[in-house]
Amino acid sequence: PGLCTGELRGRFVRFLGDQETPLGEILAAASRFGLPTEFSSEALAEAQALPEEIDSAKELEHRVDLRDIAFVTIDGEDAKDFDDAVWCRRNHDGSWRLLVAIADVSRYVTEQSALDVDAQSRATSAYFPGFVIPMLPEKLSNGLCSLNPNVDRCTMVCDMVVGSDGGVQAYQFYPAVIHSKARLTYTCVWSALNGDDGDLLKRGGSLTDIAELYALYKAFAAARKIRGAMDFESSETQIVFEPNTFEVAAIVKREHNDAHRLIEECMLAANTCAADFLIRHKAACLMRVHDKPAADRLNSLRALLKGYKLSLGGAGRPTASDYNAVVQAVKDKPYADSIRTALLRSMQQAVYSPENIGHYGLNYEAYAHFTSPIRRYPDLLVHRSIKAILNKTKYVPRIVVDEASIRASDFAVRMLEAQRKADAAKGRKVPRKDSALDIWRRLGLICSVAERRADFASRDIESWFKAVYL
């Protein structure tokens, strides 16, 4: 009162939904965190103009025909889009040939198209309990780019030879057409590995093929242990709804078994091959990088561990093995989840950057995201870069979104400051505006910030569902 000299007016922008309903809360959270929720009419028109199925004969003029390979997808029960399909077979020398086929989104989402603009502005799909805000329209994400069973699909394939020790001995990338033989779930695969193969066989899976994939997984797991990668999982919850409603029936611990890990290890192998391929060809692209823990976080962690009569080795440069030692020490303790959470929070957050500093947590010298182009824009960029190498051209991306609000976020400010310090420490000059390196750095920022805002929105809604349930 007394401060307002004129009439206050508001403008109706958008109806989000009924207050305190799940969908209304999700859309409100998306608005709060700046998540785009509607595709442009131009992007929807481009998607609608795409065919329902691929012209296999035409595609095979410049793709490898792998339709005779018994690829399968293995995902969660409620998955709607399938980025990846896998197949492996044992060689005579005890090694494996592993094929990881990834949906070729770059075949349909061309640079600077309306679909590309919307994909770059989202940069990731955002997942909520019972709901998803996808990076691509449904015609692509659930249709033409999804490796659904019993249909031909365009893919990019990472074709690997994996030794009996779990190390990748050789690899190659190429575009292909595949025909997935079965849509399997983690539940049916895990049941089959434990002697109940009824659901697996009903879905069209092969117990022999799954057993071979599981043998390969064990080799990968052994190599992971020797490599010293961090190997601990925080407890995640899953919100279970009543059938056909958003009413919470239960909140349970999310299961994570060897069926999940089998696919994870296959994807890790393909991602490391992608990073190696890009580096070998001196091609700029976005790496998935994870820096070592900062000194102040290590001090806080050690102070907390001391209260539990625990210690973290490695002094100022602890390794992933040092972290694993703490995990093992509390493995059967009632406070194990709290310690694992503290360990995770002591570490830096992984980000996307064209400057490769390796991946601390996974203990890889180089790592890239190649395996989820339906739901992550960095993976789409990696596909475009790999295709350019195969075609003997150079790929320089374009930024097609407004960066102003992205650069103003707290996380972006911290990323930019870290970049400035890294440049100063290594005596590097700031790249020229709109140079290739400048564009890649800015894209890394766009993708990293988008990942954070999607995570924050997802956690916000999960907390809302838990509060409503309680």
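**Exercises: cysteines, a buried threonine and a pocket**

A search of the whole structure, which is a predicted model, turns up 0 disulfides. Let's work through three exercises.

**Exercise 1.** Work out why Cys88 and Cys154 form no disulfide.

*Solution.* Start with the bond itself: a disulfide links the sulfur atoms of two cysteines covalently. The cut-off to apply is a pair of cysteine sulfur atoms within 2.5 Å. Next, take Cys88: the closest cysteine sulfur belongs to Cys266 and is 7.0 Å away, so the gap is too far for a bond. Then take Cys154: its closest cysteine sulfur is in Cys145, at 8.7 Å, again too far for a bond. Finally, look at exposure: Cys88 is buried, at 1% relative accessibility, and Cys154 is buried as well, at 3%.

**Exercise 2.** Place Thr155 in the fold, decide whether Thr155 is buried or exposed, and find which residues Thr155 touches.

*Solution.* First, find the element: Thr155 sits in strand 7, residues 152-162. Second, check the relative accessible area: the value is 0%, and buried means under 20%, so Thr155 is buried. Third, list contacts, leaving out residues up to four places away in sequence: among them are Arg63, Asp104, Leu147, Tyr174 and Ile178.

**Exercise 3.** Describe the second largest pocket and its lining.

*Solution.* Begin with volume: this pocket has about 610 Å³. Of its 27 lining residues, Gly167, Val168, Arg227, Thr272 and Tyr364 are the closest to the centre. Now trace the elements: strand 8, helix 8 and helix 9 each supply at least two lining residues, with helix 9 giving the largest share, 8 residues. Last, sort the lining by character: 14 nonpolar, 6 polar and 7 charged.

Methods:
Residues numbered from 1 in each chain as written. Predicted model: local features only at pLDDT ≥ 70, side-chain atom pairs only at ≥ 80, totals over all residues. Heavy atoms only, no water. Buried < 20%, exposed > 50% of the residue type's maximum accessible area, 1.4 Å probe, protein only. Helix = DSSP H or I, 4+ residues; strand = E, 2+ residues; numbered from the N terminus. Contact = heavy atoms within 4.5 Å. 1 Å grid on protein atoms, 1.4 Å probe; cavity = no way out; pocket = protein on both sides within 12 Å on 5 of 7 lines; lining within 4 Å. Points joined across faces, edges and corners; volume = space filled by probe spheres on them. Nonpolar A, V, L, I, M, F, W, Y, C, P; charged D, E, K, R; others polar.
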